[in-house]
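Here is a walk through a protein model, written for someone meeting structures early on. Have the sequence and the 3D view open while you read.

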Amino acid sequence: MMRGLPVELNNHMMMDKNQLNDHREVLLRYALLQVHNHAAAEDAVHEALLAALQANDGFRNQSALRTWLIGILKHKIADHYRTTEKHHSLEDHCDNDEKDPNEAIEQLIFNDKGHWIGTPSSWKQPDHALEQNEFWLIFDWCQKNLPEQHGRAFMLREMVGLETEDICQDMNISHSACRVYLHRARLGLRECLEQRWFNSKRSL
Amino acid sequence: MKTCKDISELLSESMDRRLTWRERWAVRMHFFMCRSCQRFQQQIDFLRKTAGRYKPKD
């Protein structure tokens, strides 16, 4: 492995603006999970990308790039908390989560025999929804209304694109907790979209 | 015999890891008689697609 700027990163940084933008966007999503202030999150991402450009550490393959960038971003976010003298570190942020909200959702969705209580209805033209601003507002709302840990696991998986092992590590949770959070996030989000968009649309 | 609750868990896990042969078989058998779980699968696929296009707002 050559020292200096990793070749892959160099390619991304210098050659392909689209990919750089992709990474930037993903990093921003990640940062917004930790720092609930858009400007501060942007700053952290900017600093992380600059640091990545100057870094000497290599990484083995393309798939490691994002994890590596997120690693740098984490340090930048930790710096942010240190410099703003806020007392909640990333760890506190996780531990501080509301008491286990886990029990409820499956009991609302499945009966004692494990059957759907309200069976999933057929969603008409789901792709059409993606074109509508109002749908995105509802998606946003539904996602923010998930229990915090569930929403976080879901975002790390589906928006940041981390593998479950990385999510466990990031959130400091067991593999089985991670699995359960992801599943409950999907159940909750599906239910919310069905109620607030797909089933209610007809009445609009 | 697996319930819809069990199958929904497997379907969700299939988004994150490759299911075993036995698990895939259980899902396939269940799908023969359960449209709800088939829909659930389509809908969590849609969630992935949606999340992938989501742009965080200011």
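## Two loop residues with positive phi

Let's start at A:Gln125, which is exposed because its relative accessible area is 58%, and anything over 50% counts as exposed. Keep in mind that this is a predicted model. You'll find A:Gln125 in the loop between helix 6 (102-109) and helix 7 (126-129) of chain A. Its backbone is worth a look, since most residues other than glycine have a negative phi. The phi of A:Gln125 is near 45°, so a positive value in a residue that isn't glycine.

A:Asn172 tells a similar kind of story. Phi of A:Asn172 is near 55°, again positive in a residue other than glycine. This residue sits in the loop between helix 10 (164-171) and helix 11 of chain A. Is A:Asn172 buried or exposed? A:Asn172 counts as exposed, because its relative accessibility is 67%.

## Chain A as a whole

Now zoom out. Chain A has 11 helices and zero strands, so if you read the elements from the N terminus you just get α over and over. Of the 204 residues in chain A, 47% count as buried. The accessible surface of the chain comes to about 11,100 Å², and 49% of that belongs to carbon and sulfur atoms.

How do distant parts of the sequence meet? Take the contacts in chain A between residues at least 6 apart in sequence: 69% of them join residues at least 24 apart. For a concrete pair of residues, try A:Glu134 and A:Trp197, which are 63 residues apart in sequence and 9.0 Å apart in space, C-alpha to C-alpha. A:Glu134 belongs to helix 8 (residues 133-144) of chain A. With 41% relative accessibility, A:Glu134 counts as partly exposed.

## Chain B as a whole

Chain B has three helices and zero strands, and from the N terminus its elements run α-α-α. Buried residues make up 45% of its 58 residues. About 3,500 Å² of chain B is exposed, with carbon and sulfur atoms supplying 51% of that area. Among the contacts in chain B with a separation of 6 or more, residues 24 or more positions apart account for 50%.

## Helix 1 of chain B and its neighbours

Helix 1 (residues 4-13) and helix 2 (residues 21-33) of chain B pack at an angle of about 125°, with their axes 10 Å apart. That angle is why the two helices of chain B, helix 1 and helix 2, are described as oblique to each other. Helix 1 of chain B passes helix 2 of chain B in a left-handed crossing. On the helix 1 side, the residues that meet helix 2 are B:Cys4, B:Ile7, B:Leu10 and B:Leu11. Their partners in helix 2 of chain B are B:Glu23, B:Ala26, B:Val27, B:His30 and B:Phe31. Sorted by class, this contact has seven nonpolar, one polar and one charged residues.

How many of the 10 residues of helix 1 of chain B are buried? Seven are, so helix 1 of chain B is largely enclosed by the rest of the structure. These buried residues are B:Cys4, B:Ile7, B:Ser8, B:Leu10, B:Leu11, B:Ser12 and B:Glu13. They pack against helix 2 and helix 3 (35-53) of chain B, and also against helix 11 (175-198) of chain A.

## Where helix 11 of chain A meets chain B

Helix 11 of chain A also packs with helix 3 of chain B, at an angle of about 95° and with the axes 10 Å apart. Helix 11 of chain A and helix 3 of chain B are therefore roughly perpendicular to each other. From helix 11 of chain A, the contact includes A:His183, A:Leu187, A:Arg190 and A:Phe198. Residues in helix 3 of chain B that take part include B:Phe40, B:Gln43 and B:Phe46. By class, the contact has eight nonpolar, two polar and four charged residues.

One residue to click on here is A:Arg186, in helix 11 of chain A. A:Arg186 counts as buried, because its relative accessibility is 1%. Leaving aside residues up to four places away in sequence, A:Arg186 touches A:Phe154, A:Arg157 and A:Glu158 in chain A. In chain B, A:Arg186 touches B:Ser12, B:Met15, B:Asp16, B:Ile44, B:Leu47 and B:Arg48.

Conventions:
Residues numbered from 1 in each chain as written. Chains lettered and ligands numbered in written order. Predicted model: local features only at pLDDT ≥ 70, side-chain atom pairs only at ≥ 80, totals over all residues. Heavy atoms only, no water. Helix = DSSP H or I, 4+ residues; strand = E, 2+ residues; numbered from the N terminus. Buried < 20%, exposed > 50% of the residue type's maximum accessible area, 1.4 Å probe, protein only. Contact = heavy atoms within 4.5 Å. Areas by Shrake-Rupley, 256 points an atom, 1.4 Å probe, with all protein chains shown as cover. Axes fitted to C-alpha atoms, helices over the stretch in contact; angles between N-to-C directions. Parallel < 35°, antiparallel > 145°, perpendicular 65-115°, else oblique. Left-handed = near helix turned anticlockwise from the far one by under 90°. Nonpolar A, V, L, I, M, F, W, Y, C, P; charged D, E, K, R; others polar.
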